Amino acid sequence: MLLASLGAVGLAACQPLIQRVGAPGLGFNGPRLEPDALVSSDGTRLPLQVWPAVDSSGAETRPWAVIIGLHGMNDYSGGFQLPASYWAAKGVTTYAYDQRGFGRTSDRGVWGGEALMVEDLRVTTALVRARHPGATIAVVGESMGGAVAISAFASDTPPAADRVVLASPAVWGWREQGPPASAALWLVAHLDPAYRLEAPNWLARRIFASDNLDELRRMGRDRNMIFATRVDTVYGLVGLMEQAQDKIGRVRTPMLYQYGAHDEIIPKPAAFRAVRKLRPKDRSAYYATGWHLLLRDKGRQRVLDDILAYIRNPNGPLPSGAPAIPATSRLPARPGGEAKSAVQAG
């Protein structure tokens with residue numbers, strides 16, 4: 001009994017860390033967009049990058065659509081450099097900010113929490129719509145960013161956007177992890193929440209997020225990326241992914257779900273289970289040669305053009321002709337084997 005009591009006290013003293021609402025300083029005038037930062041509703045500054053729409057001469061022009069990009073786990077706004085540069089030449093402006101706990105934020109490494117990350121998206125969308133009143137506003141969430149988008153748009157007060165695009169969204173929650181892995185993560189997150197997890201070299205050599213090796217190498221050299229993750233941040237991510245899996249059917253904003261046949265990060269059973277919950281009017285696209293980082297893969301142009309087409313007309317055809325994502329794990333042999341060979345050769 002004594003040991004159990006001491007263990008309970010120990011667990012209570014080592015709760016997973018999560019960011020709290022900030023305290024705005026004197027003179028705070030409310031949330032706003034600055035040239036290099038989003039100032040959120042609690043005064044927290046989140047580094048911001050903007051890629052303005054340009055015309056054929058390269059001059060900045062008024063966008064017909066604006067995309068708000070939500071990056072993935074351990075990434076930051078710079079992850080939208082490739083897709084945003086492409087979209088800019090198509091007349092689309094992209095805003096992407098470092099989500100709480102990532103990139104260049106003040107509490108880098110500490111889990112931001114679902115509620116705060118959702119509020120940041122809600123605030124950003126309102127500010128962007130006010131700045132671009134005539135444009136179609138779309139949120140594009142990659143991986144973890146997709147999970148944040150699902151949670152936000154499934155809420156009672158969804159962001160004021162016209163479209164949602166999920167690029168390989170993180171929907172691999174507690175049920176998908178299985179009891180042994182879930183129990184182990186819960187225990188470590190409560191016993192030693194600051195313990196840092198880092199992928200071993202043998203795993204990094206076997207699991208790839210993309211076939212774009214140049215981009216993967218760039219990410220590996222980027223000091224704004226996080227390579228050793230607090231275990232309580234992983235714990236928070238799994239909770240967010242569980243919510244995304246549960247809530248995806250509640251999203252009412254027109255939504256496109258994209259997934260690649262070569263995705264080695266989000267398992268197919270989890271993705272297919274989420275797809276089965278989509279509403280009849282929602283769309284999905286399954287890319288035979290796509291990996292997890294669909295927006296940065298070698299074949300990303302097909303994905304990026306599909307996003308633009310969907311933003312323009314959610315009921316129209318997708319230029320790639322990609323089929324809908326299967327709703328079952330019974331799949332034919334994985335197509336596009338040449339992409340795996342290219343990774344192995346690199």
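In which helix does leucine 191 lie? Leucine 191 lies in helix H6. The legends below describe views of a predicted model.

**Figure 1. Overall view of the predicted chain.** The chain holds 12 helices and 11 strands. With a radius of gyration of 20 Å, close to the 20 Å that the globule rule gives for 346 residues, the chain is as compact as a globular protein of that length. Along the principal axes, the C-alpha atoms fill a box of roughly 70 × 60 × 40 Å. Of the 346 residues, 52% are buried. Contacts between residues at least 6 apart in sequence join, in 80% of cases, residues at least 24 apart. The exposed area of the chain is about 15500 Å², and 57% of that area is supplied by carbon and sulfur atoms.

**Figure 2. Close-up of a nonpolar patch on the surface.** The patch is formed by Trp186, Leu187, Val188, Leu191, Tyr195 and Leu197. Together these residues have about 530 Å² of accessible area. Helix H6, which spans residues 179-191, gives the patch its largest share, four residues. Leucine 191, a member of the patch, lies in this helix.

**Figure 3. Close-up of proline 169 and the residues it touches.** Proline 169 is placed in the loop between strand S7 (163-167) and helix H5 (174-177). Is this proline buried or exposed? Proline 169 is buried, because its relative accessible area is 1%, and the cut-off for a buried residue is under 20%. Leaving aside residues up to four places away in sequence, proline 169 touches Ser143, Gly146, Ile150, Tyr257, Gln258 and Ile266. One of these contacts, isoleucine 150, is 19 residues from proline 169 in sequence, and the C-alpha to C-alpha separation of the two is 8.7 Å.

**Figure 4. Close-up of helix H8, with its buried and exposed residues.** Helix H8 covers residues 213-221. Which of its residues are buried? They are Leu213, Glu215 and Met219. Viewed down the axis of H8, the buried residues fall within an arc of 160 degrees, so they line one face of the helix. Asp214 and Arg221 are exposed residues carried by the face of H8 that is turned away from the buried side.

Notes:
Residues numbered from 1 in each chain as written. Predicted model: local features only at pLDDT ≥ 70, side-chain atom pairs only at ≥ 80, totals over all residues. Heavy atoms only, no water. Patch = residues over 30% accessible without salt bridge, like charges linked within 9 Å, V, L, I, M, F, W, Y side chains within 5 Å. Areas by Shrake-Rupley, 256 points an atom, 1.4 Å probe, with all protein chains shown as cover. Salt bridge = Lys/Arg side-chain N within 4 Å of Asp/Glu carboxyl O. Helix = DSSP H or I, 4+ residues; strand = E, 2+ residues; numbered from the N terminus. Rg over C-alpha atoms; globule rule 2.2 N^0.38 Å. Buried < 20%, exposed > 50% of the residue type's maximum accessible area, 1.4 Å probe, protein only. Contact = heavy atoms within 4.5 Å. Arc of directions from axis to C-beta.
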